[in-house]
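Me: I am new to this structure. Please take a close look at the open spaces in it, beginning with the main one, and at the parts that surround them.

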Amino acid sequence: MTNVTIWNEFRHEKTDKEVQEMYPNGIHGQLAAFLGEDFQVKTATLDEPEHGLTQDVLDNTDVLVWWGHIAHEEVKDEIVERVYQKVLQGMGLIVLHSGHLSKIFQKLMGTSCDLKWRENEEHCRMWNVNPGHPIMNGIGEYIELEKEETYGEHFDIPAPDELLLISWYPGGEVFRSGCTYTRGNGKIFYFQPGHETYPSYYNEKVQQVIKNAVLWCQSTRNQYPNYGHFESLEGEDKR
Ligand code: ZN
């Protein structure tokens, strides 16, 4: 059984009535509701000790899902480093929506990860540009969201290993909204939907993409490779 840890900053839900009404159990609660249909899930939030991401929690996580927005700076560097090392060792990471500016995503990408944005209840059509990819399984030609935050290029990310989705907005913007990467032994997926006042995490296709991404990102459970000095497998070392 795949172990998924859902990390949410969990701040908007405590202070903003509109967000509370949209996600009464928190964004992490809604993510857990549908991911829990297929996977073993647990949740973690910023205000817990060690942000809920202790070494033990991470050692028992195949895929970490990350949602953050207004408190990226409050995430302690030592926890970011801990998550970073786990990704290099093979833990999967799914970064959602405004997580593009999280310390962990910036550290893994090595760029600012900045973009253009506008909160204007605009319609979003996300085109599937990689229909053979396992994360696009069952998605069809596009995902239609009645309203989502407008994100526009340029998105300051390294060229994705694979580009899966391109979003279109009525203002003329386009955006690379589904991108895969590998870093070390770990697989990473960035997925754009999920503004806190819009119902994107109730959309069945959005849910399907995140479920597919968990399967794609999960660790292969190969033994972690040996690095450094290594004895010959052919017997006595001649040198
Ligand atoms: Zn947003």
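Reply: In this predicted model, the largest pocket holds about 320 Å³ of space. It is lined by 21 residues, and those closest to its centre are Gln89, Gly90, Ser219, Thr220 and Arg221. Three elements each give two or more residues to this lining: helix 4 (55-59), helix 5 and strand 9. Sorted by class, the lining of the largest pocket has 11 polar residues, with 5 nonpolar and 5 charged ones.

The second largest pocket comes to about 190 Å³. Its lining has 14 residues, of which His69, His100, Trp117, Glu149 and Tyr151 are the closest to its centre. At least two residues of that lining come from strand 5 (116-128), and at least two come from strand 6. By class, the lining of the second largest pocket divides into 6 polar, 4 nonpolar and 4 charged residues.

Glu149 leads on to the metal site. It is one of the protein donors of the zinc ion, together with His97 and His195. The donor atoms are NE2 of His97, OE of Glu149 and ND1 of His195, and they lie 2.0 to 2.1 Å from the zinc ion. Along the sequence, these donor residues follow the spacing H-x51-E-x45-H. His97 sits in the loop between strand 4 and helix 6 (103-109), while Glu149 belongs to strand 6 (residues 142-152), so this pair ties together parts that are 52 residues apart in sequence. His97 and Glu149 are both buried.

The loop that holds His97 follows strand 4, and that strand deserves a look of its own. On one side of strand 4 are Gly92, Ile94 and Leu96, on the other Leu93 and Val95, and all of them are buried, which leaves both faces covered. Strand 4 (residues 92-96) is largely enclosed by the rest of the structure, because 5 of its 5 residues are buried.

What does strand 4 pair with in the parallel sense over 4 bridges? One partner is strand 3 (residues 63-67). Within this pairing, Trp66 has Val95 as its bridge partner. From strand 3 the chain passes through helix 5 (residues 77-89) to reach strand 4, and this β-α-β crossover is right-handed. Another bridge between the two strands joins Val65 to Ile94. The other partner of strand 4 is strand 9 (residues 186-191), again parallel with 4 bridges. In that pairing, Leu96 has Phe191 as its bridge partner. Helix 5 and strand 9 have already come up, as both contribute to the lining of the largest pocket.

Strand 3 can be described in a similar way. Val63, Val65 and Trp67 point one way from it, Leu64 and Trp66 point the other way, and all are buried. With 5 of the 5 residues buried, strand 3 is therefore largely enclosed by the rest of the structure. Strand 3 also pairs with strand 1 (residues 3-8), in the parallel sense over 5 bridges. In this pairing, Trp7 stands opposite Trp66.

Trp7 and Trp66 also help to line a closed space. There is 1 cavity of 30 Å³ or more in the model, and the largest cavity holds about 50 Å³. Besides Trp7 and Trp66, its lining includes Glu9, Gly68, Ala71, His72, Val75, Val80, Ser102, Lys103 and Ile104. The lining of the largest cavity has 6 nonpolar, 3 polar and 2 charged residues.

Some backbone details remain. Most residues other than glycine have a negative phi, and most peptide bonds are trans. The bond between Glu153 and His154 is a cis peptide bond, with omega at about 15 degrees. His154 is placed in the loop between strand 6 and strand 7 (162-168). Phe10, a residue other than glycine, has a positive phi near 55 degrees. Its place is the loop between strand 1 and helix 1 (12-15). Phe10 has 22% relative accessibility and so counts as partly exposed. Glu50 is not a glycine either, and its phi is positive at about 55 degrees. Glu50 lies in the loop between strand 2 (40-45) and helix 4. It counts as partly exposed because its relative accessibility is 36%.

Note on methods. Residues numbered from 1 in each chain as written. Predicted model: local features only at pLDDT ≥ 70, side-chain atom pairs only at ≥ 80, totals over all residues. Heavy atoms only, no water. 1 Å grid on protein atoms, 1.4 Å probe; cavity = no way out; pocket = protein on both sides within 12 Å on 5 of 7 lines; lining within 4 Å. Points joined across faces, edges and corners; volume = space filled by probe spheres on them. Nonpolar A, V, L, I, M, F, W, Y, C, P; charged D, E, K, R; others polar. Buried < 20%, exposed > 50% of the residue type's maximum accessible area, 1.4 Å probe, protein only. Pairing = 2+ DSSP bridges. Right-handed = clockwise from strand over helix to strand, strands pointing away. Donors = N, O, S within 2.8 Å, 3.2 Å for Na, K, Ca; no water.
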